[in-house]
Amino acid sequence: MRNALEGFQGLVKPRLDLLEVCAPWDSPLSEAVIRGGGKAMRLGLHNGVDLSTRHGMKEAMRMMRHHRPRHVHFSPPCFPWSIMQNANRRNAEQVAELERKQQHGRRILQNCRKLFELQTRELLGEASGEQTLSALSWQEAPWRHATKLAGGRFRVDGCRWGLKHPKSGKPMQKAWGWFSTCTRIVKALQRTCNHKPQDHDHIQGSVTSETAVYPKKMCEAFANALLDVEIRWHALQNRSQKTQAIFAGEAAGGEVAEEPLAEEGREGEHV
C-alpha cells in the first residue's frame, strides 16, 4: 500500500497537510510535519498576517481557500488572558493597559473563530486550537464557540511529553487546553500528569517563556496522527475517483469541473 501511495502522490499534487495560524516562523509543530514528509505553512506576524486587522484576516482567508489545508491549527496569543496579567492591576493605568490588550486579543479570537468555521464548513477540513489551560480566553465567547463546535476541550500536560526545567532537568507541569475536530489527534495528545507534586520544578522567571513552545515529542505525536498513512491513502483514493470521472467525462465529450490544485514546494511553503 505504501508503494502505491507514493506512486500516486507522484501523479497528483497533494493538498497542504497543516496550516498554522498565529504561529511563529520556526514553530516546531510545522517542523515535525515537514520532517514526517508532509507539507506545512505558518501564518503570523512574521509574514504580515495579523489577525487583529482586516487586511490580515483577508489574507488568511485567501491563503486557506488557495491551499485548502487538510488541517488548520490555531494558537492565538494568550498573554492578555493569563492569570498573572489579570492579577497585575494595581492602578488605573494598568487596568486600562490590560483592557487595551484584551480588546486587541478579542479581535484575534473572533477572527480565529471565523477561520475555524471557514475550514470546517466551507473547506470541509479538520481544525484544532490551543491555549494555556488556565487562560481566561477560554471564557471568551468566540473561543468557547469554536471549542463547542470541535466537541469540547481536552487537557495536555507538558510533563508527560518531556517538558523539563533547563537547569534541574525535573519535569515541568505546563498544562495546555486543546480542542480538535480530529479524533486521531485527540487520542494522540491527551495525556495528563501522573507525577507526584514534588517531582516537578517551578515554572517562573525566564523559564516561563520557554514553556510556550510545544515539546518535540508532542509535536511528533501530532504529526504522526495527522500524516497517518491509512487516512492519506483513503483521501488519495477519493481524489483518484474524481480524476477518473474527469477522464470519463472527456472521453464522452462532456465537461467535468476539476478542482484547482495549489502549487506547493516539497519542503513546505513559507510566505
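At what angle do the axes of helix α2 (residues 28–35) and α9 cross? In this predicted model, the answer is roughly 50 degrees, with the two axes coming within 8 Å. That angle makes α2 oblique to α9, and the crossing is right-handed. On the α2 side, the residues involved are Pro28, Leu29, Ala32, Val33 and Arg35; they meet Lys216, Cys219, Glu220, Phe222, Ala223 and Leu226 of α9. Sorted by class, this contact has 8 nonpolar and 3 charged residues, with no polar ones.

Helix α9 (residues 216–226) also has business with the sheet: it lies across β1, β3, β4, β5 and β6, and runs at about 10 degrees to β6. The sheet itself is open and built from 6 strands, in the order β2-β1-β3-β4-β6-β5, with mixed pairing. The edges belong to β2 (40–43) and β5 (154–157); each has a single partner strand, so one side of each goes without a neighbour in the sheet. On average, and ignoring direction, neighbouring strands are turned by 20 degrees against each other.

Further in, β3 (residues 71–74) and β4 (residues 126–132) run parallel and are joined by 4 bridges. Within this pair, Phe74 sits opposite Gly129 of β4. Another helix, α5 (residues 92–122), packs on the sheet as well, touching β1 (18–21), β3, β4 and β6 (175–180). The direction of α5 makes about 165 degrees with that of β3.

Helix α5 has a helical partner too. Its axis and that of α6 (residues 141–150) come within 8 Å and cross at roughly 25 degrees, which makes α5 roughly parallel to α6. This crossing is left-handed. From α5, the contact draws on Leu109, Gln110, Cys112, Arg113, Phe116, Glu117 and Arg121, while α6 brings in Pro142, Trp143, His145, Ala146, Leu149 and Ala150. By class, the residues of the α5 contact with α6 split into 8 nonpolar, 2 polar and 3 charged.

As for confidence, the chain has a mean pLDDT of 82, and 77% of its residues reach 70 or more. Two stretches deserve a mention here. Residues 5–13 have pLDDT below 50, and this stretch has 14 contacts in the model beyond near neighbours in sequence. Residues 254–271 are also below 50, with 38 such contacts. Where pLDDT is low, predicted coordinates should not be read in detail.

Note on methods:
Residues are numbered from 1 along each chain as its sequence is written. This is a predicted model: local features need pLDDT of at least 70, side-chain atom pairs count only at pLDDT 80 or more; totals for chains, interfaces and linings use all residues. Side-chain values use heavy atoms; hydrogens and water are left out. Two strands pair if DSSP finds at least two bridges between them. Helices (H or I, at least four residues) and strands (E, at least two) are DSSP runs, numbered from the N terminus. Axes are lines fitted to C-alpha atoms, for helices over the stretch in contact, and angles run from 0 to 180 degrees between N-to-C directions. Contact means heavy atoms within 4.5 Å. Angles under 35 degrees count as roughly parallel, over 145 as roughly antiparallel, 65 to 115 as roughly perpendicular and the rest as oblique. A crossing is left-handed if the near helix is turned anticlockwise from the far one by less than a right angle, and right-handed if clockwise. Ala, Val, Leu, Ile, Met, Phe, Trp, Tyr, Cys and Pro count as nonpolar, Asp, Glu, Lys and Arg as charged, and the others, Gly among them, as polar. pLDDT is the predictor's confidence in each residue, from 0 to 100.
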